[in-house]
Amino acid sequence: GNPLPSFASTFQQPLTALSQQLAALTPNSSVLTNGNNVTLQAKPGANGIAVLDITTAVFQANDVVTVALNGAQSFIINLSVAGCSSNCSYTFPSSVQFQNPTSYADSVLWNITDISTLSFTNEFGGTVLAPIASVSNSGPLDGTLAALNYSGTGELHAYPFSGPLSSPTRVPEPSSLAMMAVGLLGTGWLRRRRATRSTL
């Protein structure tokens with residue numbers, strides 16, 4: 001039969017291109033802070049899509065984070081590391097609490113273009129598109145994860161992204177994104193398992 005599809009051309013390259021396209025969208029949303037209360041405030045356009053550009057500096061110790069969709073069908077959050085331009089690493093502070101992440105998990109897409117090592121410590125909601133990142137978690141991830149590598153002790157809870165996407169050029173439909181994410185994770189898992197078995 002046919003050989004297995006190329007990991008790079010089938011999964012990594014399309015997801016990296018999608019991530020770059022989403023990062024180029026014009027933001028229309030904002031962050032509201034009141035003490036340790038942080039609200040990621042979606043302001044959807046006529047197409048139902050809200051876009052927010054933030055850095056990791058938004059998340060400080062002991063923050064309580066609320067994601068307010070305000071009717072948005074898709075909330076695309078472009079996240080980058082404050083003060084870092086390449087080979088960036090970030091761990092969410094263990095004291096940061098995201099409120100009711102399952103209530104918005106299928107409508108939020110966290111787009112991460114510059115983080116190569118990413119760690120989640122508490123429950124987190126939304127699809128994470130991080131095609132160049134090695135991702136780990138110690139708390140539940142509610143959504144879909146597309147990453148270069150994955151290892152963790154936390155659970156993965158499936159909440160497929162269901163909102164529309166918009167970008168300067170054509171991007172995959174949400175169902176295609178979910179399928180690519182599953183494929184990317186599956187192929188990465190197979191590679192990791194093969195590497196582990198080869199050392200026995």
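The following paragraphs go through a predicted model of a protein, from its overall make-up to one sheet and one loop residue.

The protein has 200 residues, of which 45% are buried. Its secondary structure consists of two helices and 14 strands. When contacts between residues at least 6 apart in sequence are considered, 58% of them join residues at least 24 apart. The protein exposes about 9,600 Å², and 51% of this area comes from carbon and sulfur atoms.

One part of the strand content is an open sheet of four strands, in the order 1-2-4-7 and with mixed pairing. Strand 1 (30-34) and strand 7 (97-98) are the edges of this sheet; each has a single partner strand, so one side of each lacks a neighbour in the sheet. In general, strands of a sheet pair through backbone hydrogen bonds, and the pairing is either parallel or antiparallel. Strand 4, residues 64-68, runs parallel to strand 7, and two bridges join them. On the residue level, Val-65 has Phe-98 in strand 7 as its bridge partner.

The loop between strand 3 (49-55) and strand 4 contains Gln-60. Is Gln-60 buried, exposed or partly exposed? Its relative accessible area is 44%, and because buried means under 20% and exposed means over 50%, Gln-60 counts as partly exposed. Gln-60 can also be placed relative to another part of the chain: its C-alpha atom is separated by 7.2 Å from that of Pro-93, and these two residues are 33 residues apart along the chain.

How values were computed: Residues are numbered from 1 along each chain as its sequence is written. This is a predicted model: local features need pLDDT of at least 70, side-chain atom pairs count only at pLDDT 80 or more; totals for chains, interfaces and linings use all residues. Side-chain values use heavy atoms; hydrogens and water are left out. Buried means under 20% relative accessible area, exposed over 50%, partly exposed in between (1.4 Å probe, protein chains only). Contact means heavy atoms within 4.5 Å. Accessible areas come from the Shrake-Rupley method with a 1.4 Å probe; for residues, only the protein chains shown count as cover. Two strands pair if DSSP finds at least two bridges between them.
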